[in-house]
Amino acid sequence: MGGEKSNGNLESGIKIPEIKFTKLFINGEFVDSISGKTFETIDPRDGEVIARIAEGDKADIDMAVKAAREAFDHGPWPRMSGYARGRIMMKYADLVEEHGEELAMLDALDAGKLFGLVKAADIPGAAADLRYFAGAADKIHGETLKLSSEFQGYTLREPMGVVGHIIPWNFPMALFFLKVAPALAAGCTMVVKPAEQTPLSALYCAHLAKLAGIPDGVINVVTGFGSTAGAAVASHMDIDKVSFTGSTEVGRKIMKAAGESNLKHVSLELGGKSPLIIFEDADVEVAATLALNGILLNKGEVCVASSRVFVQEGIYDELVKKLAEKAKSWVVGDPLDPKSQQGPQVDKKQFEKVLAYIGHGKREGATLLTGGKQYGNKGYYIEPTVFTDVKDHMLIAKDEIFGPVLSLMKFKTIEEAIERANNTRYGLAAGIVTKDINIANTVSRSIRAGTIWINCYFAFDVDAPFGGYKMSGFGKDRGIEGLYKYTQLKTVVTPIFNSPWL
């Protein structure tokens, strides 16, 4: 199972590990794809091959679904008590932490993510997701119903069945557990299709699931391309639900495939063009930091990136100056270097897409304040890019770019800010920066988005439901809502005779 990229010690003292897992994980075993095909996974730091990965397609998805169906219909996982499932999930969380260094390295190499940030945030976050839902596994309750005639009724929450998870490439390991943890707690079995750009950590997580004692067939991981393996998940007649995070364009295809197959349940977390609204009573230093971090975290490859920043006219010029200073001092470099604040875009395609949007911004008349081009001459690095004088009709203000490109816009009144912030097909998140509680209350209730952050940004928590409005999708991840979407609600009614009360 060895990889192709040479190992070695970096100047930072970080050792690049051997790539241990490159095959499909089906029914508790690592196996070659049925076709025998493989594909390359690429290091975005230099465009070199990290390893060759088994290329699964429809036949492999069929085999994985068969294993998951057998595990659901006849295996122990859904028949265990929630407490017993939770105990195994707790062990899984411990293993994620124990192997955190290697998992972080895999996402850094595969996705260009900052190694230090993955270790500090994604690894503990994944373990927290597992532990939260492990604790919830024995607290999945129905209700007693107060019926109007001589019947008694109650509801049951039962596991959905076989779930297909389709994982994006921007937070590969973190989003693996965002989906897998609640589905496990509910008693589901699953087939996971990681993004073809970033397959490594999902395969490693499958290995850890086996070590934790999760029964064979409960978690299956099929690597491959969206157009083949992903499409097979969406259209499969024996998958009961598909959970997808990714682009709105692909989300449409998944809904269509679900509707044309077995009308499986669908939950979608899709694109965003999130506004950050900065009012003139805000602390400019704080606001500038929030704005820059909001777009440059993970090199802008974040669905809720604050890519549209609306600044009230009284502090606009001051904030522009402060943003320019901060952006120019931002450190772009090797994601394994602890001094780096921004790594490369995930692959050549995304790199070229971001540069194309920067070109659109220039041609449409926006003013380039900082950045605007490739950083260095190797790898898929892009300079932190800030545009001013952006108009709402410009492509850089309308489309999700998914890169380090910020659009700055000026506004006068609260009403104008609300109207322009809502003038988007997306509705995933928004931020508000103000010291006025009345402004915060009014604006937070007026923005059509699933998450609103006031005087903060990226304030995620495992207990806080996350999901979108409009074309940003539907269905919630995290919180109890994130658990219940992997359950079916059943009503049970029986007659009662000679009861002294109803």
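**Entry 1: helix α13**

I started with helix α13, residues 414-421, and listed its buried residues: Ala417, Ile418, Arg420 and Ala421. I keep in mind that this is a predicted model. Next I asked what covers the buried residues of α13. The cover includes three strands, β14 (275-278), β15 (308-312) and β18 (405-411), along with helix α14 (437-446).

**Entry 2: helix α6**

I moved on to helix α6, which runs over residues 200-212 and has 13 residues. From its first C-alpha to its last I read 19 Å, close to the 18 Å expected at 1.5 Å a residue. How many of the 13 residues of α6 are buried? I found 10, so α6 is largely enclosed by the rest of the structure. I wrote them down: Leu200, Ser201, Ala202, Leu203, Tyr204, Cys205, Ala206, Leu208, Ala209 and Ala212. I also looked just past the helix, where glycine 213 follows α6 with a positive phi, near 100°.

**Entry 3: α5 against α6**

Staying with α6, I checked how helix α5 (residues 172-186) packs on it: the angle is about 50° and the axes are 8 Å apart. Angles from 35 to 65 degrees fall in the oblique class, and that makes α5 oblique to α6. I noted the crossing of these two helices as right-handed. On the α5 side, the contact is made by Pro172, Met173, Phe176 and Phe177, and on the α6 side by Ser201, Ala202 and Cys205. I sorted the residues of this contact into six nonpolar, one polar and no charged. Ser201, Ala202 and Cys205 were already on my list of buried residues in α6.

**Entry 4: α3 against α4**

I then turned to helix α3 (residues 100-111), whose axis comes within 9 Å of that of α4, the two crossing at roughly 125°. I therefore call α3 and α4 oblique to each other. Is the crossing of α3 and α4 left-handed or right-handed? I have it as right-handed. In α3 I picked out Gly100, Glu101, Leu103, Ala104, Met105, Asp107 and Ala108, which meet Phe115, Val118, Lys119 and Ile123 in α4. I make the residues of this contact seven nonpolar, one polar and three charged.

While in α4 (residues 115-136), I stopped at glycine 125. Glycine 125 is partly exposed, with a relative accessible area of 23%. I also took its distance to lysine 321: the two are 196 residues apart in sequence and 35 Å apart in space, C-alpha to C-alpha.

**Entry 5: α9 against α10**

My next pair was helix α9 (residues 284-296) and helix α10 (residues 316-328), which pack at an angle of about 55° with their axes 9 Å apart. That makes α9 oblique to α10. I recorded a right-handed crossing for this pair. I listed Val284, Glu285, Ala287, Ala288, Thr289, Ala291 and Leu292 from α9, and these meet Glu318, Leu319, Lys322, Leu323, Lys326 and Ala327 from α10. The residues of this contact came out as eight nonpolar, one polar and four charged.

**Entry 6: positive phi outside glycine**

I looked up aspartate 389, a residue other than glycine with a positive phi, near 55°. I located aspartate 389 in the loop between β17 (385-388) and α12 (395-398). Its relative accessible area is 40%, and I count aspartate 389 as partly exposed.

Asparagine 498 also went into the notebook, with a positive phi near 55°. Where does asparagine 498 lie? I placed it in the segment after β24 (487-495). Asparagine 498 is exposed, with a relative accessible area of 80%.

**Entry 7: glutamate 383**

I closed with glutamate 383, found in the loop between β16 (367-370) and β17. Is glutamate 383 buried or exposed? With a relative accessible area of 16%, I have glutamate 383 as buried, since the cut-off for buried is under 20%. Leaving out residues up to four places away in sequence, I found that glutamate 383 touches Gly371, Gly372, Lys373, Gln374, Tyr375 and Pro404.

Key. Residues numbered from 1 in each chain as written. Predicted model: local features only at pLDDT ≥ 70, side-chain atom pairs only at ≥ 80, totals over all residues. Heavy atoms only, no water. Axes fitted to C-alpha atoms, helices over the stretch in contact; angles between N-to-C directions. Helix = DSSP H or I, 4+ residues; strand = E, 2+ residues; numbered from the N terminus. Parallel < 35°, antiparallel > 145°, perpendicular 65-115°, else oblique. Left-handed = near helix turned anticlockwise from the far one by under 90°. Contact = heavy atoms within 4.5 Å. Nonpolar A, V, L, I, M, F, W, Y, C, P; charged D, E, K, R; others polar. Expected span 1.5 Å × (residues − 1). Buried < 20%, exposed > 50% of the residue type's maximum accessible area, 1.4 Å probe, protein only.
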